[in-house]
Amino acid sequence: MQDHESTTTTEQTVPDELVRAIENNPEEVALLVERLGLVNDLIDVLELGVDALDDEMVRSLARTGTSLAEVADDASDPDTVAGMKRLLRAVGDAEEAEAAPVGAVGLLRATRDPEVKAGLGYLVALAAALGAGTEAE
């Protein structure tokens, strides 16, 4: 009688619904994969240090990790990303412009410009959001 090694093959199928979701939302899937990579990196770091840390150090590190994850979550919000891109483009444009010193009268005169009005409106909205965030904390 001959010995036969049994081979086990595990075949995984991806549900059609998941395939469609990935095809229809490639940017969101890429963002999810990126976030999972960050989480995995954080887990790797935590695993390396757990044996060397006492309980309080572990709790402190966990709080820091949570804070970092919250910041990463806020920074990856589509509105935040769009706002930061908008702000950075404006900084670049302002750097290229030939800006001259402006006094109080020049500032008032500049408020007639529709682009300046739009920029001031954005700054007022930013100030309101900062104020609301300060009150919530």
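A pocket here is an open set of points on a 1 Å grid over the protein atoms alone, with protein on both sides within 12 Å along at least five of seven lines, and its lining residues have an atom within 4 Å of a point. Grid points are joined across faces, edges and corners, and a volume is the space filled by probe spheres set on the points.

The model is predicted: local features need pLDDT of at least 70, side-chain atom pairs count only at pLDDT 80 or more, and totals for chains, interfaces and linings use all residues. Residues are numbered from 1 along each chain as its sequence is written, and side-chain values use heavy atoms, with hydrogens and water left out.

**Exercise 1.** Describe the largest pocket by its volume and its lining.

Solution.
- Its volume is about 740 Å³.
- The lining of the largest pocket holds 19 residues, and A90, A94, E115, V116 and G119 lie nearest the centre.
- Helices α4, α5 (104-110) and α6 (114-136) each supply at least two lining residues, and α6 gives the most, with seven. Helices are DSSP runs (H or I, at least four residues; strands are E, at least two), numbered from the N terminus.
- By class, the lining has 14 nonpolar, one polar and four charged residues. Ala, Val, Leu, Ile, Met, Phe, Trp, Tyr, Cys and Pro count as nonpolar, Asp, Glu, Lys and Arg as charged, and the others, Gly among them, as polar.

**Exercise 2.** Do the like for the second largest pocket, starting from its space.

Solution.
- About 380 Å³ of space lies in the second largest pocket.
- Its lining has 13 residues, with R35, L38, V39, A69 and A72 nearest the centre.
- Two or more lining residues come from each of α2 (26-50) and α3; the largest share, eight residues, is from α2.
- Nine of the lining residues are nonpolar, one is polar and three are charged.

**Exercise 3.** Check the length of helix α4 (residues 78-96) against its expected span.

Solution.
- The expected span is 1.5 Å times one less than the number of residues.
- α4 has 19 residues, so it should span 27 Å.
- Its end C-alpha atoms are 27 Å apart, which agrees.
- At the N-terminal end of α4, D77 acts as a cap, with a side-chain oxygen 3.1 Å from the backbone nitrogen of D79.

**Exercise 4.** Is S76 buried or exposed, and what does S76 contact?

Solution.
- S76 sits in the loop between α3 (55-75) and α4.
- The relative accessible area of S76 is 15%, so S76 is buried. Buried means under 20%, exposed over 50%, and partly exposed in between (1.4 Å probe, protein chains only).
- Apart from neighbours within four places in sequence, S76 contacts L31, R35 and V81, where contact means heavy atoms within 4.5 Å.

**Exercise 5.** Place Y122 in the chain and classify its accessibility.

Solution.
- Y122 belongs to helix α6.
- At 29% relative accessibility, Y122 is partly exposed.
- With neighbours within four places in sequence left aside, Y122 contacts G83 and R86.

Technical notes: Polar contact = N/O pair within 3.5 Å; in protein donor to acceptor, adjacent residues only side chain to side chain. 1 Å grid on protein atoms, 1.4 Å probe; cavity = no way out; pocket = protein on both sides within 12 Å on 5 of 7 lines; lining within 4 Å.
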